[in-house]
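This report walks through one protein model, strand by strand and then outward to the helices and loops. Please keep the sequence and the 3D view at hand while reading.

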Amino acid sequence: MASCARNSGEIMNETHPKWVEAGGEFQVPFMLAARRVLQGKPIRCPKCGHADLRFYFHAMKPALGQGTLWVWCPACRTKCHLPRVTPGEVPQVDPFGGLSLEEFAEIEVRGPGSFQDRLNRLWNEGVLTPSYKV
Ligand SMILES: [Zn+2]
């Protein structure tokens, strides 16, 4: 079965509706799924089931391997982020890995554009593609 996440023009469309925080009955399933995205295989969105979850991990405390994990579904636009995660090995190259905490906070909060849109665009461009999918 072909992945709709990879080829759908709808997902590539950047004028899409807003991102929604995972909430209500989907909050717990989404969070649990989000915790599994770094384990080395694609995880289907537990809310809509139409795409694999996308993710981005940024080490806030590189010495401890601790950081924040952003997880989102490109199909239903549900997102969440998990602070203080210590994932061990991350199957992804961090394009913002060289930034200081201040520099990172600057782009996360101030943009340009929403950080979530930027992450999704980076994924579309192949920058955040996890190594297990290549
Ligand atoms: Zn979804």
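Val 20 stands opposite Thr 78, a residue of strand 4. That pair belongs to the contact between strand 1 and strand 4, which run parallel and are joined by two bridges. The model is a predicted one, and the description below applies to that prediction.

**The sheet**

The four strands form an open sheet in the order 1-4-3-2, and the pairing is mixed. Strand 1 (20-21) and strand 2 are at the edges with a single partner strand each, so one side of each has no neighbour in the sheet. Helix 3 (residues 27-36) packs on this sheet, where it touches strand 3 and strand 4. The direction of helix 3 makes about 60 degrees with the direction of strand 4.

Strand 3 pairs with strand 2 and with strand 4. With strand 2 (residues 54-61) the pairing is antiparallel and extends over seven bridges. With strand 4 the run is also antiparallel, and five bridges join the two. Strand 3 is mostly covered, since five of its seven residues are buried.

Individual bridge partners can be followed across strand 3. On the side of strand 2, Phe 55 has Val 71 as its bridge partner, and Phe 57 has Leu 69. Leu 69 also stands opposite Leu 82 of strand 4. Trp 70, in turn, stands opposite His 81 of strand 4.

**Turns and positive phi angles**

How many residues lie between the strands in the hairpin of strand 2 and strand 3? There are four, and Gly 65 in this hairpin takes a positive phi near 70 degrees. The hairpin of strand 3 and strand 4 has five residues between its strands. Arg 77 is in the turn of that second hairpin, with a positive phi of about 65 degrees.

Arg 77 is not a glycine, yet its phi is positive. Arg 77 lies in the loop that connects strand 3 (66-72) with strand 4 (78-85). It has 17 other C-beta atoms within 10 Å, and is therefore partly exposed.

Arg 84 is another residue other than glycine with a positive phi, near 55 degrees. Arg 84 is placed in strand 4. Is Arg 84 buried or exposed? It is exposed, because there are 11 other C-beta atoms within 10 Å, and a residue with 12 or fewer is counted as exposed.

The table collects the positive phi values, including one for a glycine that comes after helix 5.

| Residue | Place | Phi |
|---|---|---|
| Gly 65 | hairpin of strand 2 and strand 3 | near 70 degrees |
| Arg 77 | turn between strand 3 and strand 4 | about 65 degrees |
| Arg 84 | strand 4 | near 55 degrees |
| Gly 126 | after helix 5 | near 90 degrees |

**The loop after strand 4**

Thr 86 is located in the loop between strand 4 and helix 4 (101-110). Thr 86 has 10 C-beta neighbours inside 10 Å and so counts as exposed. Leaving aside residues up to four places away in sequence, Thr 86 touches Leu 64, Gly 65 and Gln 66. Gly 65 is the residue with positive phi in the hairpin of strand 2 and strand 3. Between Thr 86 and Lys 61 there are 25 positions of sequence separation, and their C-alpha atoms are 9.6 Å apart.

**Helix 5**

Which residues of helix 5 (residues 115-124) are buried? They are Leu 119, Asn 120 and Trp 123. These residues cover an arc of only 95 degrees around the axis, which puts them on the same side of helix 5. The buried residues of helix 5 pack against strand 2 and strand 3. Gly 126 follows the helix and has a positive phi.

**The protein as a whole**

In total the protein has five helices and four strands. Read from the N terminus, the elements run α-α-β-α-β-β-β-α-α. Of the 134 residues, 25% are buried. Among contacts in the protein with a separation of 6 or more, 55% are between residues 24 or more positions apart.

How values were computed. Residues numbered from 1 in each chain as written. Predicted model: local features only at pLDDT ≥ 70, side-chain atom pairs only at ≥ 80, totals over all residues. Buried ≥ 20, exposed ≤ 12 C-beta atoms within 10 Å, placed from the backbone. Contact = placed C-beta atoms within 7 Å. Pairing = 2+ DSSP bridges. Axes fitted to C-alpha atoms, helices over the stretch in contact; angles between N-to-C directions. Arc of directions from axis to C-beta.
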